[in-house]
Amino acid sequence: MKKLFAEFFGTFWLVFGGCGSAVFAAGYPDLGIGFVGVSLAFGLTVLTMAYAVGHISGGHFNPAVSFGLWAGGKFEAKDLVGYIIAQLIGAVAAAGALYLILTNKSDFVTIGGFAANGYGDLSPDGYSMTAALIAEFLLTMFFLLIILGSTNSRAPKGFAPIAIGLGLTLIHLISIPITNTSVNPARSTSQALFAGGEFTAQLWLFWVAPIAGAIVAGFIHKALFDKE
């Protein structure tokens, strides 16, 4: 249960901090943090929670990461369902908190895109479904390679959260204009549930592409890099 609570709180913080920065601060008049600030916010959420609770649960905070670690031989299949449920509950709870804050603003009209992920007309810069699939697959694959490599027993000790957090920052710097950056099915699900409409219809891609990329990375690491 401690592991599941750690995954809940870690995923909550990722969505609340990362998506919250996009919803509240990215375009704030004159002082908005923009894409760079949102990218950094996502990286910082993972970095801080990896240090805070990573030693308890492994610090997945993402169903794709759990699948990737399983494929890499670092996580047991029997624990996948529990972790993913905890991650989804944490993500949805965070999105609910963001919704309550946003809808209690004095001049509130609509939640808009609510930092949800999308392609085609819902892509921030009009990228197609094919572009979104390629981007989400490749970015999640490299994210898992960073995670698996930096947490390997031969890697320098104590620095993995920094590499992982900076890796997620870089991923967002690349792909916010493409899909608003997912690489995390729980994060995508939580925002789509509140944004609704076509965001929900497109949610399948943000499960399939990240999980596929993560599993491929796990197999690559296991076959090529996880050798003494």
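# Rings, helices and a few buried residues

Trainee: Which word fits F194: buried, partly exposed or exposed?
Mentor: F194 has a relative accessible area of 26%. Keep in mind that this is a predicted model, where local features need pLDDT of at least 70, side-chain atom pairs count only at pLDDT 80 or more, and totals for chains, interfaces and linings use all residues. Residues are numbered from 1 along each chain as its sequence is written, and side-chain values use heavy atoms, with hydrogens and water left out. Buried means under 20% relative accessible area, exposed over 50% and partly exposed in between (1.4 Å probe, protein chains only), so F194 counts as partly exposed.

Trainee: How many aromatic pairs does a search of the whole structure find?
Mentor: Rings of Phe, Tyr and Trp (its six-membered ring) pair if their centres lie within 6.5 Å; planes under 30 degrees apart count as stacked, over 60 as edge-to-face and the rest as tilted. Searching the whole structure for aromatic pairs gives a count of six.

Trainee: What kind of pair do F8 and F9 make?
Mentor: The ring centres of F8 and F9 are 5.1 Å apart. Their planes stand at 80 degrees, so the pair is edge-to-face.

Trainee: What is the relative accessible area of F9?
Mentor: Its partner F8 is partly exposed, at 21% relative accessible area. F9 also counts as partly exposed, and its value is 48%.

Trainee: How many residues apart are Y99 and F194?
Mentor: Y99 and F194 form a tilted aromatic pair, 5.4 Å centre to centre with 35 degrees between the planes. Helices (H or I, at least four residues) and strands (E, at least two) are DSSP runs, numbered from the N terminus. Y99 lies in helix 4 and F194 in helix 7, so the pair links distant parts of the chain. Along the sequence, the separation of Y99 and F194 is 95 residues.

Trainee: Which residues do ring pairs link into a cluster?
Mentor: You have met two of the members already, as the pair of F8 and F9. The cluster linked by ring pairs is made of F8, F9, F12 and F16.

Trainee: How many of the 11 residues of helix 7 are buried?
Mentor: The buried ones are P185, A186, R187, S188, T189, S190, Q191 and A192. Helix 7 is therefore largely enclosed by the rest of the structure. The count of buried residues in helix 7 is eight.

Trainee: Which residue has a side-chain oxygen that reaches the backbone nitrogen of A186 at the start of helix 7?
Mentor: A polar contact is a pair of N or O atoms within 3.5 Å; within protein, one must be able to donate a hydrogen and the other to accept it, and residues adjacent in sequence count only if both atoms are side-chain atoms. Here the oxygen comes to within 3.0 Å of the nitrogen of A186. The residue supplying that oxygen is N184.

Trainee: Which residues outside its sequence neighbourhood does S190 touch?
Mentor: S190 sits in helix 7 and is buried, with a relative accessible area of 0%. Contact means heavy atoms within 4.5 Å. Leaving aside neighbours within four places in sequence, S190 is in contact with V15, A91, V92 and A95.

Trainee: Which word describes helix 1 relative to helix 7: parallel, perpendicular or oblique?
Mentor: Axes are lines fitted to C-alpha atoms, for helices over the stretch in contact, and angles run from 0 to 180 degrees between N-to-C directions. Angles under 35 degrees count as roughly parallel, over 145 as roughly antiparallel, 65 to 115 as roughly perpendicular and the rest as oblique. Helix 1 (residues 2-25) and helix 7 pack at about 60 degrees, with axes 10 Å apart. That angle makes helix 1, relative to helix 7, oblique.

Trainee: How many of the nine residues of helix 3 are buried?
Mentor: Helix 3 covers residues 63-71 and is largely enclosed by the rest of the structure. Its buried residues are P63, A64, V65, S66, G68, L69 and A71. They pack against helix 4 (80-103), helix 5 (129-150), helix 7 (185-195) and helix 9 (205-225). The number of buried residues in helix 3 is seven.

Trainee: What is the relative accessible area of V183?
Mentor: V183 is found in the loop between helix 6 and helix 7. Its phi is near 50 degrees, a positive value in a residue other than glycine. V183 is buried, with a relative accessible area of 1%.
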